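Please walk me through the side-chain contacts, the backbone details and one of the pockets of this protein. I would like an account that can be followed with the model open.

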Amino acid sequence: MLDTQAEAAIRAAAEGYCLALHNADADFLENLCHDRYFMTSMQPDGTELFFDKESFVARCRARDPFEGEPSYEILSIDIEPEMASVKLWVDMEPRRYCDYLGFMKVGDDWKLITKLFRTAKGPAVGA
């Protein structure tokens, strides 16, 4: 049976994540991410990129918000009692990213624990 309360919480967390990226809201991301958060990317040239929570939040804190309205879409949400995964795309000009987010239930909160991503459109991250 679908847990609509959990789905609403996960959807809100995923949307908050997209808005935080757009608005360079590092404080939101710092709160959303579990202390053991880790993200991984495979670039089109085969280069692997790895970031922990500290470096992810610092990268966000070091930049300005994007102009205009946020652009993103949540493509799927899969929920288990203590974990969830979200597939989405989010635009961070000049790139569109495809993100697979892994959430973990910690007490009453859903914390972002993992992110696997790739550049879906635009130059690679290091370019």
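## Side-chain contacts, a pocket and two backbone details

Phe 38 is partly exposed, with a relative accessible area of 36%. Keep in mind throughout that the model is predicted. Phe 50 is also in the partly exposed class, at 46% relative accessibility. A search of the whole structure for aromatic pairs returns three. Phe 38 and Phe 50 make up one of them, a stacked pair with 6.0 Å from centre to centre and 25° between the planes. The stacked label follows because planes under 30 degrees apart count as stacked. Phe 38 belongs to strand β1 (residues 33-42) and Phe 50 to strand β2 (residues 48-52), so this contact ties together parts that are twelve residues apart in sequence.

A second aromatic pair is formed by Tyr 97 and Phe 117. Here the geometry is edge-to-face, with 5.8 Å between the centres and 70° between the planes. That label applies because planes over 60 degrees apart count as edge-to-face. Tyr 97 is in strand β5 (residues 95-106) and Phe 117 in strand β6 (residues 109-121), and the pair links distant parts of the chain, 20 residues apart. Tyr 97 and Phe 117 are both buried, whereas Phe 38 is partly exposed, as is Phe 50.

The ring of Phe 117 has a further neighbour. Lys 115 lies over the face of Phe 117, at 4.8 Å from the ring centre. Lys 115 also takes part in a salt bridge, in which its side chain meets that of Asp 99 with an N to O distance of 3.9 Å. This distance qualifies because the cut-off for a salt bridge is within 4 Å. Asp 99 lies in strand β5 and Lys 115 in strand β6, and this pair links distant parts of the chain, 16 residues apart. Asp 99 counts as buried, at 1% relative accessibility, and Lys 115 is buried too, at 7%. Strands β5 and β6 are therefore linked by an aromatic pair and also by a salt bridge.

In total, the structure holds six salt bridges. Another of them joins the side chains of Asp 35 and Lys 53, at 3.2 Å from N to O. Asp 35 is in strand β1 and Lys 53 in helix α3 (residues 53-61), so the bridge links distant parts of the chain, 18 residues apart. The two partners fall into opposite classes of accessibility: Asp 35 is exposed at 67%, while Lys 53 is buried, with a relative accessible area of 12%.

Arg 96 has two contacts to look at. Arg 96 forms a salt bridge with Asp 91, with 2.6 Å between the closest N and O atoms. The charged end of Arg 96 also sits over the ring of Trp 89, 3.5 Å from the centre of that ring. Arg 96 is partly exposed, with a relative accessible area of 22%. Asp 91 is buried, with a relative accessible area of 11%. The two residues are classed apart because buried means under 20% relative accessible area.

Next comes the second largest pocket, which holds about 160 Å³ of space. Its lining includes Ala 9, Ala 12 and Ala 13, together with Phe 28, Asn 31 and Leu 32. Asp 108, Asp 109, Trp 110 and Lys 111 also line this pocket. At least two of the lining residues come from each of α1 (4-23), α2 (26-32) and β6. By character, the lining divides into six nonpolar, one polar and three charged residues.

Two backbone details remain, both in loops. Glu 93 and Pro 94 are joined by a cis peptide bond, with omega at about 15°. Pro 94 is placed in the loop between β4 (83-92) and β5. The other detail concerns Ala 24, where phi is near 55°, a positive value in a residue other than glycine. Ala 24 lies in the loop between α1 and α2. Ala 24 is buried, with a relative accessible area of 17%.

Technical notes
Residues are numbered from 1 along each chain as its sequence is written. This is a predicted model: local features need pLDDT of at least 70, side-chain atom pairs count only at pLDDT 80 or more; totals for chains, interfaces and linings use all residues. Side-chain values use heavy atoms; hydrogens and water are left out. Rings of Phe, Tyr and Trp (its six-membered ring) pair if their centres lie within 6.5 Å; planes under 30 degrees apart count as stacked, over 60 as edge-to-face and the rest as tilted. Helices (H or I, at least four residues) and strands (E, at least two) are DSSP runs, numbered from the N terminus. Buried means under 20% relative accessible area, exposed over 50%, partly exposed in between (1.4 Å probe, protein chains only). A charge sits over a ring if NZ of Lys or CZ of Arg is within 6 Å of the ring centre and within 35 degrees of the ring normal. On a 1 Å grid over the protein atoms alone, a cavity is a set of points where a 1.4 Å probe fits but cannot get out, and a pocket is an open set with protein on both sides within 12 Å along at least five of seven lines; lining residues have an atom within 4 Å of a point. Grid points are joined across faces, edges and corners, and a volume is the space filled by probe spheres set on the points. Ala, Val, Leu, Ile, Met, Phe, Trp, Tyr, Cys and Pro count as nonpolar, Asp, Glu, Lys and Arg as charged, and the others, Gly among them, as polar.
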